[in-house]
Amino acid sequence: MNATPTTAPVRHHRTLTPSILYFGTPVVLLTTENPDGTANLAPVSSAWALGRTVVLGLGVDGRTAHNLADRPDLVVNLPSPDLWEAVERLAPLTGADPVPPAKRPVYRYEPDKFAAAGLTPQASVRVGPPRVAQCPLQLEARVRQRTPSADGSFWTVEAEVLHVHADPDITVPGTQHVDPGAWSPLVYNFRHYHGLGPELGHGFRSETAARRAG
Ligand SMILES: Cc1cc2nc3c(=O)[nH]c(=O)nc-3n(C[C@H](O)[C@H](O)[C@H](O)COP(=O)(O)O)c2cc1C
């Protein structure tokens, strides 16, 4: 029998004009191939997945967007919350040389972002750019579609995931499941870094909860 749901308190709102709308999405580290064959590495929080496709929002000025226009291979590396300082070390860097005028006040050119961040490249299996060895989840992928935004400031990039690598510590042994109790993304929440809090519950289609119960 279904219990009658209790109604949560309604909220009273004020009108707000925030400078940013980064309401809390996971950070990914994208590796792409530079024109000279070296690897670029960039933090991106406009990332989500549906089926085997990862969708990314990439500023038109960045080295990453240019690389993917010419060389479609990439790795979507998912850092855990403890890696936030390495992510933040990448924050003021660009692989674009010269630095585009709009980025000049804030960013500087860095050809070796792995070294600058203290991260380790690891050879990929299906694509050219390397993985980030410290990231527990790594998605090797290839761009299938690029769509310009209405205002021309970014590209929406759709990439097909070709190969998934997971640290066994975040998987359910003997299955193909990521363990939601062991994995936490690094969340970018209005320019602050967070991990997940304790689990609140699970969706009715969870496959790992059914295993846990039975
Ligand atoms: C946590 C975080 C999230 C970011 N999210 C995005 C994003 O979603 N899209 C984007 O284009 N840039 C994003 N940036 C900014 C890029 O990382 C930045 O423009 C960088 O210079 C890109 O490097 P590249 O020019 O070598 O590609 C983010 C930066 C940080 C630190």
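Me: How many bridges join β1 to strand β13, and which residue in β13 is the bridge partner of Pro-26?
Reply: In this predicted model, β1 and β13 (residues 187-189) run antiparallel. The bridges that join them number three. Pro-26 has its bridge partner in β13, and that partner is Val-187.

Me: Which are the edge strands of the open sheet with the order β1-β13-β14?
Reply: This open sheet has three strands, and their pairing is antiparallel. An edge strand pairs on one side only. That applies to β1 (23-26) and β14 (192-194).

Me: By what angle are neighbouring strands of this sheet turned against each other on average?
Reply: The sheet in question has the order β1-β13-β14. With direction ignored, the average turn between its neighbouring strands is 30 degrees.

Me: How many bridges pair β11 with β12, and which residue in the turn of their hairpin has a positive phi?
Reply: Strand β11 (residues 137-148) pairs with β12 in the antiparallel sense, over eleven bridges. One partnership puts Val-143 opposite Ala-159 in β12. The two strands form a hairpin with five residues between them. The turn residue with a positive phi, about 75 degrees, is Gly-152.

Me: Which residue in β12 is the bridge partner of Leu-58?
Reply: β5 (residues 53-59) is joined to β12 (residues 154-166) by seven bridges, and the two run antiparallel. For Leu-58, the bridge partner in β12 is Trp-155.

Me: Which element supplies the largest share of the shell around the ligand?
Reply: There are 21 residues around the ligand, and Ser-46 and Gly-59 are among those that come nearest. At least two residues of the shell come from each of β3 (39-44), β5, α1 (63-70) and β7 (93-94). The largest share is four residues, and it comes from β3.

Methods:
Residues numbered from 1 in each chain as written. Predicted model: local features only at pLDDT ≥ 70, side-chain atom pairs only at ≥ 80, totals over all residues. Pairing = 2+ DSSP bridges. Near = placed C-beta within 6 Å. Axes fitted to C-alpha atoms, helices over the stretch in contact; angles between N-to-C directions.
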